[in-house]
Each structure stands twice: as structure tokens, then as C-alpha cells.
Amino acid sequence: MPEGTGIGASVRRREDGRFLTGSGTYTDDINRPGQTHAIMVRSPHAHAKIKKIDRAKTLKMPGVLAVYTGEDMKVGGLPCGWLVKNQDGSPMVEPPHPALAQDFVRHVGDIVAVVIAETKQQARDGADALGVDYGVLPAVVDTRAAVKPGAPQVWEQAKGNICYDWGLGDKAAVDAAFAKAHKVAKIDLVNNRLIPNAMEPRAAIGDFDRATGEHTLYTTSQNPHVIRLLMGAFVLSIPEAKLRVVAPDVGGGFGSKIYHYAEEAIVTWAAAQLKKPVKWTAERSESFMSDAHGRDHATHAELALDKDGKFLALKVETLANMGAYLSTFSTCVPTYLYATLLAGVYTTPAIFANVKAVFTNTVPVDAYRGAGRPEATFLLERVVDVAAREMKMDPAEIRRKNFIQPSQFPYQTPVALQYDTGNYGATLDMAMKMADYKGFAARKDASAKKGKLRGIGMACYIEACGIAPSAVVGSLGARAGLYECANVRVHPTGSVSVFTGSHAHGQGHETTFAQVVADKLGIPIEQVDIVHGDTGKIPFGMGTYGSRSIAVGGAALVKALDKIVAKGKKIAAHLMEASEKDVEFKDGKFTVAGTDKSKAFGEVALTAYVPHNYPITELEPGLEEQAFYDPLNFTYPSGCYIAEVEVDKETGSIEIARFVASDDFGKIINPMIVEGQVHGGVAQGLGQALLENCVYDKDGQLLTGSYNDYCMPRADDLPSFEVQHTDKPTPCTHNPLGVKGCGEAGAIGAPAAFMNAVCNALGVAHLDMPATSEKVWRAANAHMARAAE
Amino acid sequence: MYSFDYQKAGSVADAAKAATGEAKLVAGGMTLIPTLKLRLAQPSKLVDLGGIRDLVGIKAEGGGVTIGAMTTHAAVAKSADVKKAIPALAVLAEGIGDPAVRNRGTIGGSVANNDPAADYPAACVALGATIVTSKRKIAADDFFKGLFETALEAGEVITAVSFPAPEKANYQKFRNPASRYALVGVFVAKTKGGVRVAVTGAGEGGVFRKKSFEAALSKSFDAGALDAVKVDAKGLNSDIHASADYRAHLIKVMAKRAVQAAR
């Protein structure tokens, strides 16, 4: 193996050169001959009937080619990918989701019409001139308000705005445990609504080839094959063979680019109508009001404890905001990605969760980095801190007392999942050491001398990643499989192209996946090219989300590489006149056991394409293999994060004094990239906890519709994170790489660790996110008033 | 943005002549350009002041400084003359926006725009600055008229802002975490004519003087002098970032910190 480029090496990201020098190719960089430009006309109202659309004036304007409305575009609706059932077994309410609004608009930003012109400026002028007459209707935006009697109804068919009323766990066992509880810790919390804000706004170009009848969609997507499937089969009725979806360089997704969006269908459909390419690129203001938002839960939870602080049972009631329409993954986020994680890293024997999904007149809500798992972790790790406070126990002690022990794996939780492996005490120990937990009291005193409040908080997270076994998700209501595909093409001179269904949009796959190939085939990493993001090149794929790329896509790659080696052995055996079973492959060489015979990988590759001396009757020429991998279980990364904060009582400002992370991601391919993923995730998690909040006014107008009001974390808001991989990793037991995935951990663990530190500093049981200075100031004042009493 | 005509003015006289009707002057463009991009303004013409050399530069005069209208925040921040005469003003300039804004945005543009959360209006009012225009000299107290409103008339171009040197001064800004504008900014100046305190970011009508603070601090220039002074939340902004009560509280906290830090 070439030194320093295989599995375990911190190889520098090969893709960064083009990203950092502006030579990447993003969707908006692509221009097709004869291209036209689309502007989406969006509803300024949260809920209204479209009384009339007068397009006469717009159609007369210079350069305007077409105005299309819902009356023109009578196609299928955007499908929801996951069917969730009510507790009584009946299916969820699944309202239509037209690409262009049909008669009604249901959130600010809902698309009423599209104006297409020769230039973007002309399209914009035409859109401004479009006369839309609305009959404004009452709107409901708040999650809790949506289920109150008399709330405005988003959909007639969803009574009380309920999409589904779902339950998981053994309610009777939970009730019995609560009846004999020593103490019950209770919490009411809001998991604040977030706007993803990928650096690259969404964009889409529809193209249509008159000669072949082939449609092409260029789009900012995390999973082009899924878009092809959903848009082709459900919305536009285009067979896969006539539809190509290309997702080129994509500038961040964080979940928001998983879903099939209306604009993709609109440009693809309009291009076929006009027989011209149609391009749309979101402005930042449009992104705020049309990208799927994240989180937005309101939850009540109770944790029952015995007199020693052992958890007896947990009950959770959550309202989850779906927005106005069901986005692709929306329904599974607060159910299968949330409630199934409520055991956390603890042995809580009985758990029951009731989740009601509600419709509101807001942008659809869907998976956002972590997707359900940050909500579960935040809830659980907050209520555990409340319990520690009530039991007068140290937060570390109460956690340790309830950890699932290494000897207990595989561990069946009461909420469906079976954890294969883990060592939660190891990451807790490491994080406490890194954070100098023991020295906190002295630091708190030092802060007090300066008139400041100091707090420390921890979170022990677990996540279910590598999403996931098709049979399992199918039984849970998924309408698709969740395997991954890899194709390995060895070229005649021994270089390799990998075609993977795992899309990369910042994760560094072009480096990590190439390391796996270099390692397994023993060839220089420079000989490996990773190709992704084009249904015209990649056999199939389920895309990138849920920290699944290396665990599922990487495993598919290993399976395909194994097939390459197996075929290579046959060829090498023939060349070396040996028995195939005596041929070994290591460090890029085929050798015959007990002899000095040897054939380099490149020689074997060349032989496969120049088969002059070849076992042609038994073996096809060529060296290209494909594999699909469908895992047997999720993977379960876990870890412990500790935050330390200092609060200015006078202003309520928080300084994050320290943030340490100790993670167990199992086997790690590229430690530097993994560390970067944790840094990014923690920054996003702290963004949610300290700064970010999506706010609508009561009429459904988005008040945080720009960076003037929506607060993204910036470098100077954050400390220098201390990130370490556990010294006692527990590799995944069921995938060939032993990997678990790392993309979401930071966003999952950070909010609870931070808020636990803030609550600790303030001496309060709970504070909702984000911990704005005013909220903190008020809490600090109330605390001082109590202390004075 | 909507389309518009563009004219690069060669002199202040040119600019004044061109800035009529629906035409707009553009200095650094840090507010105007985003406004245009959002189609929230539709000027017939932009008259660019960027080519008028006379408007750029900092002069030390009579113990104070006179800053040309097209001088960038970055230039003010690093000016030895400003640091010597009014260090608080250099620090204020260093804290405006981000590096890109500081290298494009100008003092004249900021003052003319009179954003209710901008920093310079607080400095102008607290230091008793004079706004020099193509027509006249206007005392800062008479210049800022309310939200985005100033005493400027059509065709009047700011050419410079003159700041007399205070005995002591300091500016304390509590930032809006999202926009990084002042949620509350308090400029305290101990001048020959008495103490002046100006507040930005908090008032419904933009920058204002806090007379009760001035009276207390004129008696005793000490942070403790403000303890007994009540700050009424009436007339203060309330929005998703901060209530009027919280802003009222912050005005006092920032003022006390400014007094403590004044030099």
C-alpha cells in the first residue's frame, strides 16, 4: 500500500483545490445553448385562495416567453416518501402537493406561477407585473397553536390540523413504572425551528432534447437518482430511461437538498413545453422561504427514577410541525428517526412516545443535519440533567449509573432499535478528562470573582446512522429501499473509476472513497477517480443523508472491490499457471503461496483488456464490477460532548469558554475529514442552541427572512473546539469497514451539552433554545432575585 | 434590481447638480446596493461619488479631526490622527460591519443614510460633530431627524464630518447577533461644554441624546452616578431580537461601561 493514502490516513481533501479556487462546477455555473430563465412567483400570503391570475400584461413584456400556472401544469403531486400510520392503524393524512399551487396557497413562498423569459431580468420584470388576486384566509403557524380548538385549518381533510397521531413503545409498562417511581423529572421544551442555509442556494435547469425525447435536469441535489425516481414516476410520468438527473458540485445540503422540490419539476416540465432549456436559481430570500426547514418540535416529557437514580421509564409527547405540505422525508423524521432514539445510551426499560404531526401555514419541515436524532438527544439529555438536579446527583454520575454496559451488546432497546456495540463510559471518561471536569469548581469561583456566572454541561449522544436496512425501513413505512450501489471500473492501464450512488456535497468523498480503493487494491490514490452525481453515469444510488455514505456506500464499494480482486485472482492464476485458490492478493500484488511468482495489479488489469493469454472459455474479458449493499442494521455512533460557558449577568451574553468532543465512530478512514465533520456539526449544533431561530409572525409572515434577522453562527461566536476520537473505539459489527458514520454527530450532541451548561450556570431547570442574551439576562435576574430571598 | 442610469461624478458640484428628482447619490453603497438588489428602491440614476478625490482623507484640525465624506471606515480605524485625537472614534470605526463593509463603506454614506442602528450617528451627536455639506455646515444635533431622515436637502452633498476632540470618550456597542448592527450602542463624551451621551440602535426614531445621563455625569463623571437614573422603555424599539425593557436595561449597562472605559 502506498504510504499515507490508505484507510486511517489523514489524506488532504483532493476536491478542495477546485472548491477553494472557484473552479468547481455548480448548477448555476452550467449554461445550456438557447437557455431561458425562470422566476417563480411566490405567494406573499400564508393562506389564501387564488381568485384570479391575470397574465396578459406579463405576456406582452419584452422577452417573456411563457407564464404557467397550476391550471397549465396538471401533473402529479410531489410524493411523500414515508407512510406513517396512526395509533389506530389508519394511514396519515396525505394532502396533495402540487408543484404549482392549485386554487389555494398555504404558506408564504408557495409557488403560484412561473414566468419564463429570455433573460433573468426580463423574467423578474414579468413576474413583478403578474396580477394575482388573492382572497386572504386565516393562517396558523405555531406548532402548539395548530392543535388548539378553533385553529384555522390548513387542510380540510386534516381535522384539527393533525397529519398523524403515532405511538411507539409499551404504554402499560410505562404507566406501571411511573406508579412506583421515587421521583419524576418533567420538562416542557421547544426544539426551535431552523432554516438550513446551505452556502449554495438551490438551482435547477431543465433541458429537453427534441431529437431523442430525453429530459435532463441539472439540480442542486443530495440524491439525483431519488429525484429521477420521484419526479419521473410520480410527478411528470417520464420513464427513467428518458430522464437524466445531474447533481454536479453542490455547495452544502445539510438535508435541505435531499428532497424533491417543485422547482425541479417546473423547469423540467417547462423545458419540454418550450423546447428550450429553462434555468432557475434561488435568490437568498427565496431560499429562506422555500428550502425545507428543520426541527420545530414542542414536547412534554417525564422520566421516572428509583431512589438510586436508575431510570425506570420515560414518556414523551411531541407535537411536530410538518409545515403546509409533506416534504419527501418529513413524516419519518419525528417518528422513526426520533422516537426510536429515546433510549439514548441508557437502560431505561420502558419507554412510550406519542408523536402528533401537525400542519401549519409554513414552509414544509423536513430532515436537517441529524434529523430527529438531535431532537431526541436534546430532549433526553435535558431531562436527564433535570433528573440529576432533582436527585442532587452529579450529571456524570447519573449518566454513568444508567449506561448500557459494554457487556450488554447487542442491546435491544424498548423502542425498536438493537444497538450492536458501544462503550459509553469510555467517551464520557475521555471527555471529562479533556474538559478538566474536576477543575470546574475552581474555574467557577474565578468567574464569580469577576462577577460572571460559569456553567458546565454534558451530553452523551447516540445516533442511528447508515440509513439503513431496506426491510426494516420498509416495515416502518418507507416507500423506497435504502441500500447503496457502487461500480468499480478498472481501466486497461490499471487506473480506476468508481461510480458511487453516494453524492458528495462537501463531505470529502472524493478523498475518503479513494482511500478505500487505494487501500484495498494497493494502488496510488492518484490512480483513483470517484464519480458521483449523474444518473447518466452511475448505475443507481439512494444518495447522501443520515451519515450513510461510508457505512452504506463505502460498504458497497468494498463489495465491488472484493469482486474485482476475486476476478483478478482468476486472471493472475492463469498467468502464473497456478491454482486460483493458491493466489493471494496483498499490497497491489497477486502472488502464489510458497513461490516467488508475482503479478502486479496493473499487469492483471491489462491482461483483462488485452486477453491474449487468458482463460477465455471460463472468464469474460474486462475488469469492471458492481455491487449493491443493503446493511443488516443501522450503525450506532456515540460520544460525549462537554461545554463550559461564562455568562455576563448584566447583559446576558454567553461566552463559550470550552467545547470538547469525544466520539466513537468505530473504524475511521480519514481522521482529519472526520474531525472536520465534527467541527462543522458542532458549529451547527451551537448555532441552533445559541443563535438560530426561525420566526414567523402570527399571520405567517417570515420575520427571519434574511441574515439581518436570522442569525447564522460565525467563527467569532465559537471557541476552538477540542475534538478527539475515543481511545476505545467499538467498530460496527456488521459492515465490512467497521465504520459508523460521522456527519451528524456534532449537530446531535452539541445543543444539549451547551444548554446543560447554560442551565447549570443560571441555576435553572430549563431554558429554551436559542439562549439569546435577553432570555439569559431574564433568567439570570430571576435567579439572583431568588438567591436574594 | 431595476435598471437605472449611472453617472460617475467628477466633482462635488457635478454630483450636487446631478442629484435631483429620482436620482440617488451612492457612496460606498453598503446599504443602497442591497436595497437595489431586493428591488426595494427604484432610482432613475445613481450618481457615484467614488471618483471625487477631494472627499477622501483625514485632517487633524484644532485638536479635532475632519474626515472627508468618502473616507472608508477602515481608513478612519487605522488613522493615526483619529487615534490620537479621538481614540473612541477609531475603535467605533473598527467595529462597523465586517472587513468588506469597512473597506467599502464611508462615513458620509453612513451619516447620510442615518440607519437607526448605525454607529456613526451616535459618535456625531455625542461628540458634537459638524456635518459639512456642499451648501452649509450643520450641527449633528440638527442633522439627524428620525429613521433614515436627515436635514439634507435635494442636491445637497455631504463633503466632510468635523469632530472636535473630547476630553474623554468611549463607545460601547451591544451587537444584534444576526446583523451585527447595534442592538444598543452608547457613545459617551466628556467635552468642554459638558458630558454628552448619544444612544443608537434602541430608539424608535434613531439616534437620541440621553439627557438624564448627561446631567448625572456632568455632576460626577463616574459610572456609579448612573445607578440612580431610571431608563424609561417608552419610545424604544421592541423586536424579535430585544424587547424595549431589555434595551432600556442595556442602555444603562453600556453607558456605565463607556464611562468606565472612557479615556
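Visitor: Which strands does helix α12 of chain A lie across?

Guide: Helix α12 (residues 440-449) crosses β18 and β26 (638-648) of chain A. It runs at about 145° to β18(A). Such angles run from 0 to 180 degrees between N-to-C directions, with axes fitted as lines to C-alpha atoms, for helices over the stretch in contact. Helices (H or I, at least four residues) and strands (E, at least two) are DSSP runs, numbered from the N terminus.

Visitor: What kind of model is this?

Guide: This is a predicted model: local features need pLDDT of at least 70, side-chain atom pairs count only at pLDDT 80 or more, and totals for chains, interfaces and linings use all residues. Residues are numbered from 1 along each chain as its sequence is written, chains are lettered from A and ligands numbered from 1 in the order written, and side-chain values use heavy atoms, leaving out hydrogens and water.

Visitor: Which strands form the open sheet, and in what order?

Guide: There are 4 strands, in the order β18-β26-β27-β28 of chain A, with mixed pairing. β18 (452-462) and β28 (722-725) each have a single partner strand, so they stand at the edges, with one side left without a neighbour in the sheet. Neighbouring strands are turned by 10° against each other on average, direction ignored.

Visitor: How do you know that β27 and β28(A) pair?

Guide: Pairing requires that DSSP finds at least two bridges between the strands. Strand β27 (residues 654-664) of chain A and β28(A) have 4 bridges, in the parallel sense. Ser662(A), for one, has Gln724(A) in β28(A) as its bridge partner.

Visitor: What makes helix α6 of chain A largely enclosed?

Guide: Buried means under 20% relative accessible area, exposed over 50%, and partly exposed in between (1.4 Å probe, protein chains only). In α6 (residues 224-235), 9 of the 12 residues are buried, so the helix is largely enclosed by the rest of the structure. Among them are His225(A), Ile227(A) and Leu230(A). The cover includes β10 (214-219), β11 (243-246) and α7 (262-274) of chain A. Ser237(A) follows the helix, with a positive phi near 55°.

Visitor: Why is Pro44(A) called partly exposed?

Guide: Its relative accessibility is 39%, so Pro44(A) falls between the two cut-offs. Pro44(A) is in the loop between β1 (36-42) and β2 (48-54) of chain A. Leaving aside neighbours within four places in sequence, Pro44(A) is in contact (heavy atoms within 4.5 Å) with Val108(A), Tyr134(A) and Gln701(A).

Visitor: Why is Asn670(A) called buried?

Guide: Its relative accessible area is 1%, so Asn670(A) is under the cut-off for buried. Asn670(A) lies in the loop between β27 and α17 (671-691) of chain A. Its side chain reaches the backbone nitrogen of Ile673(A) at 3.0 Å.

Visitor: How do you know that Glu94(A) and Arg479(A) meet in a salt bridge?

Guide: A salt bridge needs a side-chain nitrogen of Lys or Arg within 4 Å of a carboxyl oxygen of Asp or Glu. Here N and O are 2.7 Å apart, so the pair qualifies. The two residues are 385 residues apart in the chain. Glu94(A) is partly exposed at 36% relative accessibility, and Arg479(A) is partly exposed at 44%.

Visitor: What does the salt bridge of Glu744(A) and Arg373(A) tie together?

Guide: Glu744(A) lies in the loop between β28 and α18 (745-762) of chain A, and Arg373(A) in helix α9 (residues 373-391), so the pair ties together parts 371 residues apart in sequence. The closest N and O atoms are 2.8 Å apart. Glu744(A) counts as buried at 7% relative accessibility, and Arg373(A) at 1%.

Visitor: How much area do chain B and chain A bury between them?

Guide: The figure is about 1,800 Å², with 45% of it on carbon and sulfur atoms. Buried area is the accessible area (1.4 Å probe) that two parts lose on being put together, summed over both. In chain B, Arg39(B), Arg180(B) and Tyr246(B) lose the most, together 30% of what that side buries. The contact takes 22 residues from chain B and 25 residues from chain A.

Visitor: How many salt bridges are there between chain B and chain A?

Guide: The count is 6. One of the salt bridges joins Arg257(B) and Asp648(A), at 2.8 Å between the closest N and O atoms. Helix α11 (residues 244-261) of chain B gives the most to the side that touches chain A, with 7 residues.

Definitions and conventions. Polar contact = N/O pair within 3.5 Å; in protein donor to acceptor, adjacent residues only side chain to side chain.
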